[in-house]
Amino acid sequence: MNSSDIKSRIKMILDAEAAAINAIKVDESYEKALDILQNTPGKIITTGMGKAGFIAHKFAAILSSTASPAFFIHPSEAAHGDLGMVAPGDCIVAFSTSGKTREVLEFIELSRHVDAGKVIGITSHPDSGLRDLSDVIIDMGAVKEPCPLGLTPSASMAVMAAVSDALALVLMERKGVSRHEYGLRHHGGYLGKQARTDNIE
């Protein structure tokens with residue numbers, strides 16, 4: 001592959017991922033999900049397996065730094081004791097492109113036994129168990145992966161990340177989170193320095 005081919009291929013992949021994000025259908029499911037996230041009486045728990053799990057972990061981190069306490073539970077570990085972190089009233093945000101990941105579905109089913117609250121599912125496939133188990137589904141749409149094998153979930157992860165970012169930032173707006181409040185939760189590094197400007201008495 002020569003230099004020109006590399007540049008062309010890189011551009012094609014970037015364009016494919018941007019197109020997948022631009023194709024997301026924004027409907028009433030986002031408002032329903034935001035209502036659940038804002039009004040849940042307990043904690044926000046995110047979950048996902050494999051690469052979707054990394055997006056779920058990132059979502060919990062962004063929520064926590066923007067005044068919505070959240071944490072990630074690995075769905076496999078839930079069956080080995082981590083289900084004990086789930087309490088009545090907690091809401092769950094489950095990430096799964098296929099919506100068929102056994103560990104994720106089992107985690108949701110088990111969470112019902114401890115009276116967990118609402119479930120928000122973020123998925124793509126129309127025929128999935130996650131749709132049946134969720135109170136609200138945010139549909140990623142049909143995503144075509146630019147991977148030469150059509151397997152590596154790069155575009156779908158870009159879509160998943162963009163959806164979760166949108167939810168976190170709009171939730172932050174709805175809650176009226178100030179720079180001061182942001183700085184209290186994110187006081188380190190460059191962002192912390194920027195946020196602390198308003199926190200100096």
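Which residues of helix 2 are buried? The legends below take up this question and others in a predicted model.

**Figure 1. Overview of the predicted chain.** The model is predicted. Nine helices and five strands make up the chain. Read from the N terminus, the elements follow the order α-α-β-α-β-α-β-α-β-α-β-α-α-α. Of the 201 residues, 42% are buried. Contacts between residues at least 6 apart in sequence were also sorted by separation: 68% of them join residues at least 24 apart.

**Figure 2. Helix 2 and its buried side.** Ser-29, Tyr-30, Ala-33, Leu-34, Ile-36 and Leu-37 are the buried residues of helix 2. They lie on the same side of helix 2 because they cover an arc of only 160 degrees around the axis. An α-helix has 3.6 residues a turn, so residues three or four places apart point the same way. Glu-28, Glu-31 and Asn-39 are exposed on the other side of helix 2. The cover over the buried residues of helix 2 includes strand 1 (44-48), helix 3, strand 3, strand 4, strand 5 and helix 7. Helix 2 has 12 residues. From first C-alpha to last, helix 2 reaches 17 Å, close to the 16 Å expected at 1.5 Å a residue.

**Figure 3. The largest nonpolar core.** This core has 33 residues. Phe-95, Ile-122 and Leu-167 have the most contacts inside it. At least two core residues come from each of helix 2 (28-39), helix 3 (51-65), strand 2 (70-72), strand 3 (91-95), strand 4 (119-123), strand 5 (136-139) and helix 7 (154-174). Helix 7 gives the largest share, nine residues. A second, separate core has 15 residues, among them Leu-83, Val-86, Ala-94 and Val-119. In soluble globular proteins, nonpolar side chains tend to be buried together.

**Figure 4. Surroundings of Ile-122.** Neighbours within four places in sequence are left aside here. Ile-122 is in contact with Val-93, Ala-94, Phe-95 and Ser-96. Its other contacts are Leu-130, Ile-138, Met-140, Met-160, Val-163 and Leu-167. Two of these partners, Phe-95 and Leu-167, share with Ile-122 the place among the residues with the most contacts inside the largest core.

**Figure 5. Strand 3 and its parallel partners.** Strand 3 is mostly covered, with five of its five residues buried. Cys-91, Val-93 and Phe-95 point one way from strand 3. Ile-92 and Ala-94 point the other way. Strand 1 and strand 3 run parallel and are joined by five bridges. Ile-44 has Cys-91 in strand 3 as its bridge partner. Strand 3 also runs parallel to strand 4, with four bridges between them. Here Val-93 stands opposite Ile-120 in strand 4. The chain passes from strand 3 through helix 5 (residues 102-113) to strand 4. This β-α-β crossover is right-handed.

**Figure 6. Thr-47 in strand 1.** Is Thr-47 buried or exposed? Thr-47 is found in strand 1. Its relative accessible area is 0%, so Thr-47 counts as buried. Neighbours within four places in sequence are again left aside. Thr-47 is in contact with Ala-56, Phe-72, Ile-73, His-74 and Pro-75. Contacts of Thr-47 also include Ile-92, Val-93, Ala-94 and Phe-95. Val-104 and Phe-107 complete the set of contacts around Thr-47.

Key. Residues are numbered from 1 along each chain as its sequence is written. This is a predicted model: local features need pLDDT of at least 70, side-chain atom pairs count only at pLDDT 80 or more; totals for chains, interfaces and linings use all residues. Side-chain values use heavy atoms; hydrogens and water are left out. A nonpolar core is a set of buried Ala, Val, Leu, Ile, Met, Phe, Trp, Tyr and Cys residues joined through side-chain atoms within 4.5 Å. Buried means under 20% relative accessible area, exposed over 50%, partly exposed in between (1.4 Å probe, protein chains only). Contact means heavy atoms within 4.5 Å. The expected span of a helix is 1.5 Å times one less than its number of residues. The arc is that of the directions from the helix axis to the C-beta atoms. Two strands pair if DSSP finds at least two bridges between them. A crossover is right-handed if, with the strands pointing away from the viewer, the path from the first strand over the helix to the second runs clockwise.
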